[in-house]
Amino acid sequence: MARLVLMFNKQVVKEYPLMKDSVTIGRNEENSIQINNLAVSGYHARIDAAGNDYILTDLQSTNGTFINDKRVVSQKLSHGDNIIVGKHVILFVGAGEAADSKSSALKSDLDKTMMLDTAKQKELLSKQKESGQTPELSTKIGVVSFIEGADLGEIELKKKLTKIGKADTSEIQLSGLFMPATAATISRRPSGYVITTMGGKIKVNGEAIKDSVALKDFDTIEVGKVKFQFYQKETSEK
């Protein structure tokens, strides 16, 4: 089972097995992982299960969420990733025999983990601003309009991560004998929307995709026998 290892000052604070489909991180006591530190927002970040993978999403936190010193909005986690939230580091330990065989080695190497102090965080944020990479949500909102295979009309992609599949937790729930629990995800990023396959047979404009593809207005997406079109419209959201 995949798990998260919360660390502070190079010391393990607590381990959290990922037993739920969604885990929230933040200062508020209602979070799955509460970090009582003023550098952490009330609801700072969320980790969602997507098939056998896990997606980290920053919840518009004040100080940002970093993976291996890179500020992210939404990103798939890999075994051994260091998630940096304020002054805390959360080590992601993936599931499976390969991950388990490495976990003990990772734990014994925790003293090498680089902690993000206030100065380091300011430096990272400064670099992001200087390079013009500070994440800001698009002023447009994505919409998917179903063409065939499902009578769902149009769905606005308001969340930072939209899961597509037959699981009850999917925001776009599709049926079908061979439809995976999570066939794909659509993430809302500073530059627009990106679709990522999670094991399902996904086509964009008739071409099968193997990983992630940036979506453009009027792209046609096929998930199994379901076909829908993507476009963006203006929104007053800030």
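Asn 205 lies in the loop between β18 (202-204) and β19. In this predicted model, Asn 205 has a positive phi of about 55 degrees, although the residue is not a glycine. Its relative accessible area is 44%, which makes Asn 205 partly exposed, because the exposed class begins over 50%.

Asn 9 also has a positive phi, near 50 degrees, and is a residue other than glycine. Asn 9 sits in the loop between β1 (3-8) and β2 (11-17). With a relative accessibility of 52%, Asn 9 counts as exposed. The table sets out the two asparagines.

| Residue | Phi | Loop | Relative accessibility |
|---|---|---|---|
| Asn 9 | near 50 degrees | between β1 (3-8) and β2 (11-17) | 52%, exposed |
| Asn 205 | about 55 degrees | between β18 (202-204) and β19 | 44%, partly exposed |

The strands on either side of Asn 205, β18 and β19, belong to an open sheet of 6 strands. The strand order in this sheet is β13-β12-β22-β21-β18-β19, and the pairing is antiparallel. The edges are formed by β13 (154-157) and β19 (207-208); each has a single partner strand, so one side of each is left without a neighbour in the sheet. Strands of a sheet pair through backbone hydrogen bonds, in a parallel or an antiparallel sense.

At the β13 edge, the partner is β12 (residues 140-148), and these two strands pair in the antiparallel sense over 4 bridges. Within this pairing, Ser 145 has Glu 154 of β13 as its bridge partner.

Conventions
Residues numbered from 1 in each chain as written. Predicted model: local features only at pLDDT ≥ 70, side-chain atom pairs only at ≥ 80, totals over all residues. Heavy atoms only, no water. Pairing = 2+ DSSP bridges. Buried < 20%, exposed > 50% of the residue type's maximum accessible area, 1.4 Å probe, protein only.
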